[in-house]
Amino acid sequence: IWGAAFDVGTTTVAGALVNLSSGAEGAVTGRSNPQANYGDDVVDRIGYVDEQEKGLEDLHGCITDVLNDMLTEMAESAGADLDSLHELVAVGNTTMNHLLLNIDPTPLAHAPYLAVLRESTDVPAAELGLRAAPGAQLHALPNVAGFVGSDTVGVVLATGLAESEEVQLAVDIGTNGEVVVGNEERLIGCSCAAGPAFEGARIRHGMRAADGAITKVVINDSIEVNVLGGGRPRGICGSGLVDAVAELLDVGVIEPSGRIRKRDELPDTVPKAVRAAVMEADGEQAVALVGEENSETDGPLLLYQKDLRELQLGKAAVRAGIEVACRRYGIDVSDLDRLLVAGGFGNFIRRSSAKRIGLLPNIPSEKLESVGNAAFAGARMSLLCRSCRAEADRVSSEIEYEELARSAEFQQAYTECMMLGPDPALNAT
């Protein structure tokens with residue numbers, strides 16, 4: 001008897017096939033979300049549904065198609081039969097939740113930005129077009145609000161945030177940056193539109209964290225990279241992007257404003273090989289992280305000025321969300337007992353690099369913990385444990401949602417966090 005758990009992200013989708021008799025994981029897989037063809041972020045996709053006669057049908061259909069492809073791949077890998085797949089669980093942000101369940105998400109784009117469906121729900125898999133056993137159900141964990149979805153509930157569930165005496169903050173860094181702060185007594189949640197840069201999208205040579213992705217960058221006498229799976233690199237994922245910017249900032253190739261200096265403006269201390277990597281390409285400043293001779297692609301792998309701007313926008317949104325969430329809770333970031341970094345991005349990120357560019361606050365490293373794809377872990381827990389589903393319902397009802405989209409406080413913090421550096425001078429008024 002098999003079950004499947006999914007984390008339906010805006011940019012990437014993760015899936016696991018689980019033996020419900022033993023609890024053993026039979027197979028895991030991941031895909032890029034094909035809905036990106038209709039828009040990089042949730043606002044664009046909601047707009048597509050609103051403007052196109054068959055918009056909802058298109059977006060619902062392409063996500064169920066990719067889930068079916070993943071189920072087929074995992075079943076083949078595990079030697080399973082999809083006629084034995086009896087239970088599915090899914091988490092995702094509120095827009096992804098609605099599109100998967102074939103619910104019109106357009107109310108999410110208009111004040112007061114309310115979710116059509118907030119509670120958990122069970123839907124026949126066949127009704128959604130998913131391949132499974134007759135009578136199989138898909139359980140969707142509950143949402144919190146229009147911009148805080150069931151993926152955040154999964155993070156809280158997996159990390160035990162709602163059961164801890166310590167005051168902790170969990171930030172799930174993806175296309176949408178979701179933040180939850182608190183403990184067993186009180187939880188506050190909010191969301192900020194980080195954009196897809198941390199998942200490799202909107203980056204010229206970006207890719208998700210898969211084989212061939214640059215996950216780490218170090219500069220000594222030259223630019224050195226680590227590649228997931230070994231071999232020649234074919235792109236750069238979010239953690240590699242953060243590393244590259246932090247290292248280039250340190251040696252003086254990048255200014256704190258985010259501007260890539262021209263070669264004749266570089267400090268004398270910049271190593272010769274790094275200096276040679278700075279160039280103009282396609283009409284903008286760029287840095288060659290990997291030369292053409294060492295790349296799996298047809299040319300060098302470049303970090304462009306526009307890529308850097310995309311990172312700054314995402315970094316500013318996430319950091320401002322962390323700051324404002326803590327203020328609304330009544331504490332300073334430095335008062336946190338622990339800061340948990342969730343999302344696939346968190347598996348590879350170097351804490352020192354994240355702090356160097358100001359993505360994460362400059363707190364002691366022992367307070368920082370990467371918890372991986374905790375939303376996905378929460379989905380798998382809920383697949384195997386009915387009491388976890390009850391806990392998810394409780395958590396979603398008790399999280400106090402803070403709306404940031406129209407907050408002047410957030411906009412001010414966002415502007416202040418745009419500079420690259422370990423703790424911007426934030427105005428706490």
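The following legends describe close-up views of a predicted model.

**View 1. Crossing of helices α5 and α11.** Helix α5 spans residues 150-159 and helix α11 spans residues 386-398; their axes come within 10 Å and cross at roughly 115°. The crossing of α5 past α11 is right-handed. From α5, the residues in contact are Val153, Val156 and Leu157, and these meet Cys388, Glu391, Ala392, Val395 and Ser396 of α11. This contact comprises 6 nonpolar residues, 1 polar residue and 1 charged residue.

**View 2. The largest cavity.** The model holds 3 cavities of 30 Å³ or more, and the largest of them has a volume of about 50 Å³. Its lining consists of Val42, Asn93, Thr94, Thr95, Gly146, Phe147, Asn176, Glu178 and Ser191. Two elements, α3 (94-100) and β8 (176-182), give two or more residues to this lining. By class, the lining of the largest cavity has 2 nonpolar, 6 polar and 1 charged residues.

**View 3. The second largest cavity.** The second largest cavity contains about 40 Å³ of space. Val8, Ala90, Val91, Gly92, Met96, Asn97, Leu100, Ala140 and Ser150 form its lining. Both β4 (85-92) and α3 supply at least two of these residues. The lining of the second largest cavity has 6 nonpolar and 3 polar residues, and no charged residues.

**View 4. The largest pocket.** The largest pocket encloses about 750 Å³ of space. Its lining is made up of 35 residues, and those nearest the centre are Thr12, Glu199, Gly343, Gly344 and Asn373. At least two lining residues come from each of the strands β1 (2-8), β2 (12-19), β3 (25-32) and β8, and from each of the helices α6 (238-251) and α10 (374-384). The element giving the most to the lining of the largest pocket is β3, with 4 residues. Sorted by class, the lining of the largest pocket has 12 nonpolar, 15 polar and 8 charged residues.

**View 5. The second largest pocket.** The volume of the second largest pocket is about 420 Å³. Of the 23 residues that line the second largest pocket, Asn176, Cys192, Ala193, Ala194 and Ala317 lie nearest its centre. The elements that give two or more residues to this lining are α1 (42-51), β9 (187-193), α8 (305-329) and α12 (408-416). Helix α8 gives the most, with 4 residues. The lining of the second largest pocket divides into 13 nonpolar, 6 polar and 4 charged residues. Asn176 also belongs to the lining of the largest cavity.

Technical notes:
Residues numbered from 1 in each chain as written. Predicted model: local features only at pLDDT ≥ 70, side-chain atom pairs only at ≥ 80, totals over all residues. Heavy atoms only, no water. Axes fitted to C-alpha atoms, helices over the stretch in contact; angles between N-to-C directions. Left-handed = near helix turned anticlockwise from the far one by under 90°. Contact = heavy atoms within 4.5 Å. Nonpolar A, V, L, I, M, F, W, Y, C, P; charged D, E, K, R; others polar. 1 Å grid on protein atoms, 1.4 Å probe; cavity = no way out; pocket = protein on both sides within 12 Å on 5 of 7 lines; lining within 4 Å. Points joined across faces, edges and corners; volume = space filled by probe spheres on them.
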